[in-house]
Amino acid sequence: MGIKTTSSKTAKKPVKKETTSFMTKLKLLIVKAVLWFVGISFFSVVFFKFVPVPFTPLMIIRAIENKAAGKAVYFSHDWESIDHISVNLQKAVISSEDGTFLTHNGFDFTAMQKAYKSNERGRRIKGGSTISQQTAKNVFLWQGRSYLRKALEAYFTVLIEVIWGKERIMEVYLNSIEMGDGIYGAQAATEHWYRKDASSLTPLQAAGIAAILPNPRKYKATSSSSYINNRKTKIMKVMRTVGKINY
C-alpha cells in the first residue's frame, strides 16, 4: 500500500509542472505579442506622419467586393498636400462630420452620448465618431462594430492625435476617405464630380462632397437628390460659422 501511495503522488507532480509551464509560456507569448503590436503600431503611425498613405483596408475590401460581384474594379486615388486642397472642403467636412475637430483631443463625448441615446430609441444617425476616429479606422483598421475594433480605434486615435496633430490628421482624412464608388480622396473626388482641381473647390461644391460622406456609393454630389441638396444647404450655413482654420 505504501508503495502504491508513493507512486500515485509521484505521478501527479509532472502534470502540475506541465500545466504551470504551459501557463508561463502562454503569458510570455501574450506579453511578446502585445509588445510587438505596440512597437509596430507606433512605428506605423510615425511612418505615416511623413509618408503619404498609398491605400487603406477599405480600398482593398471594396475591390474584393466588386470582384466577387462581377463588377469592374475601379480605383481612383491621388494624394495631394493639404496646401493644395481647398480650405472650403476642410470647413465642409468639419461642419458635416465633426464640429469640434479643432478643439477636441480625438473624442467628442457629447456627440457620442447623443448618438448612444438616439440609438437606444431606435433611430439611425451617425455614430458620433470624430474625424480623428474615422481617420484611425480608415488607415489602420477594418470596418465593423465589434468591441475589439472600437478599442483599437480608440488606441490609434490617441496615437495620431499625439504624433500627427490636427493638420496631418485632416490631410490624411481628406486623402483617404471614400467619396464615391471607387473614388478616394479630395483630388480624385473633385475630378470625378466637378472635373477640376481640389484646390479650386467653391463652398457649394465642397458642401456637395461633404454631404454624400455618410454613404458615398449611394448619393451623388452633382445632380443630387432633394435630401442631399438639403444637406448641402445646412452644411454651407455651418461653414460660415467655422471661421479661419488654425491647426
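Here is a walk through this structure, from the overall fold down to a few side chains.

Keep in mind that what you're looking at is a predicted model. The chain has 247 residues, and 41% of them count as buried. Its secondary structure comes to 10 helices and 3 strands. Follow the sequence and you'll meet them in the order α-α-β-α-α-α-α-α-β-β-α-α-α. Take the contacts between residues at least 6 apart in sequence: 68% of those join residues at least 24 apart. On the outside, the chain exposes about 14800 Å², with carbon and sulfur atoms supplying 61% of that area.

Let's start with a stretch that has a label. An unreviewed UniProt entry annotates residues 29-51 as a "transmembrane region". In the model, this span is 96% helix and 0% strand, and its end C-alpha atoms sit 32 Å apart.

Now for the inside. The largest nonpolar core is made of 49 residues, and Leu89, Val93, Phe140, Trp164 and Met170 have the most contacts within it. Quite a few helices chip in at least two residues each, among them H1 (2-50), H3 (87-97), H6 and H7 (166-176). Pick out Met170 and look at what it touches beyond its sequence neighbours up to four places away: Ile82, Gln90, Val93, Ile94, Phe101, Ile131 and Tyr247.

Met170 is also one of the buried residues of H7. That helix is mostly covered, with 10 of its 11 residues buried. The buried set isn't just nonpolar names, either: it includes Lys166, Arg168 and Glu171.

Step back along the chain to H6, which runs over residues 147-163. Its 17 residues reach 24 Å from the first C-alpha to the last, close to the 24 Å expected at 1.5 Å a residue. Buried residues in H6 include Arg149, Leu152, Phe156 and Ile160. Just after this helix, Gly165 takes a positive phi of about 85°.

Finally, the aromatic rings. Phe156 turns up again here, in one aromatic cluster with Phe37, Phe43, Phe47, Phe48, Phe140, Tyr155 and Trp164. In total, the count comes to 10 aromatic pairs. One of them joins Tyr219 and Tyr227, whose rings are 5.4 Å apart centre to centre with 45° between the planes, making the pair tilted. Is Tyr227 buried, exposed or partly exposed? Tyr227 counts as partly exposed because its relative accessibility is 42%, and that category lies between under 20% for buried and over 50% for exposed.

Notes:
Residues are numbered from 1 along each chain as its sequence is written. This is a predicted model: local features need pLDDT of at least 70, side-chain atom pairs count only at pLDDT 80 or more; totals for chains, interfaces and linings use all residues. Side-chain values use heavy atoms; hydrogens and water are left out. Helices (H or I, at least four residues) and strands (E, at least two) are DSSP runs, numbered from the N terminus. The expected span of a helix is 1.5 Å times one less than its number of residues. Buried means under 20% relative accessible area, exposed over 50%, partly exposed in between (1.4 Å probe, protein chains only). A nonpolar core is a set of buried Ala, Val, Leu, Ile, Met, Phe, Trp, Tyr and Cys residues joined through side-chain atoms within 4.5 Å. Contact means heavy atoms within 4.5 Å. UniProt positions are given in the numbering used here, feature names are shortened, and annotations may be inferred rather than shown by experiment. Accessible areas come from the Shrake-Rupley method with a 1.4 Å probe; for residues, only the protein chains shown count as cover. Rings of Phe, Tyr and Trp (its six-membered ring) pair if their centres lie within 6.5 Å; planes under 30 degrees apart count as stacked, over 60 as edge-to-face and the rest as tilted.
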